[in-house]
Amino acid sequence: MKTKSIEQLEKDYWKEPSEFPTDMVKKCYQYRKINITDLTDEQIRLLFSQQIGTEYLIGVALEKLERNILTEGDFY
């Protein structure tokens, strides 16, 4: 499961728009295509904040926190 992307796990393939309305939408679109194990802490944080793929990311996020409780992503 971790070697697949959120897009593959959900079997929900978003069509690429000709233009993204915001940078955040573009990032979410791109991050959904990355294998879960390859996502950075920041990418996971952003996907959680947008409630994208949370059921697949929760295990990875908890593992990261068990290794380093002070793990953090960027936050503005």
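When I say that two residues touch, I mean that they have heavy atoms within 4.5 Å of each other, and with that in mind I would like to take you through this structure, which is a predicted model.

Let me start with Leu 47, which, leaving out residues up to four places away in sequence, touches Ile 6, Cys 28, Tyr 31, Leu 39, Ile 52 and Leu 57. Leu 47 also belongs to the residues with the most contacts inside the largest nonpolar core, a group that includes Ile 6, Ile 36, Leu 39, Ile 44 and Leu 57 as well. That core has 14 residues, and H1, H2, H3 and H4 each supply at least two of them, although H4 gives the most, with four residues.

Now to the pair of helices on which two of those contacts of Leu 47 bear. Two packed helices are described by the angle between their axes and the distance between the axes. Here the axes of H2, residues 23–31, and H3, residues 41–49, come within 10 Å and cross at roughly 110 degrees; because angles from 65 to 115 degrees count as roughly perpendicular, that makes H2 roughly perpendicular to H3. The crossing of the two is left-handed. On the H2 side the contact is made by Met 24, Lys 27, Cys 28 and Tyr 31, and on the H3 side by Gln 43, Leu 46 and Leu 47; sorted by character, these residues divide into five nonpolar, one polar and one charged. The buried residues of H2 are Cys 28, Tyr 29 and Tyr 31, and H3 is included in what covers the buried residues of H2.

What does Ile 6 touch, once residues up to four places away in sequence are not counted? Ile 6, which lies in helix H1, residues 6–10, touches Arg 32, Ile 34, Ile 36, Leu 47, Ile 52, Gly 53 and Leu 57. Of these partners, Arg 32 is 26 residues away along the chain, yet the C-alpha atoms of Ile 6 and Arg 32 are separated by 5.1 Å. Ile 6 has a relative accessible area of 0%, and is therefore buried.

I would close with Lys 64, in helix H4, residues 54–67. Is this lysine buried or exposed? Its relative accessible area is 19%, and since buried means under 20%, Lys 64 counts as buried. Apart from its neighbours within four places in sequence, Lys 64 is in contact with Leu 39, Asp 41, Ile 44 and Thr 71, and of those partners Leu 39 and Ile 44 have already appeared among the core residues with the most contacts.

Definitions and conventions. Residues numbered from 1 in each chain as written. Predicted model: local features only at pLDDT ≥ 70, side-chain atom pairs only at ≥ 80, totals over all residues. Heavy atoms only, no water. Axes fitted to C-alpha atoms, helices over the stretch in contact; angles between N-to-C directions. Parallel < 35°, antiparallel > 145°, perpendicular 65-115°, else oblique. Left-handed = near helix turned anticlockwise from the far one by under 90°. Nonpolar A, V, L, I, M, F, W, Y, C, P; charged D, E, K, R; others polar. Buried < 20%, exposed > 50% of the residue type's maximum accessible area, 1.4 Å probe, protein only. Core = buried A, V, L, I, M, F, W, Y, C linked by side-chain atoms within 4.5 Å.
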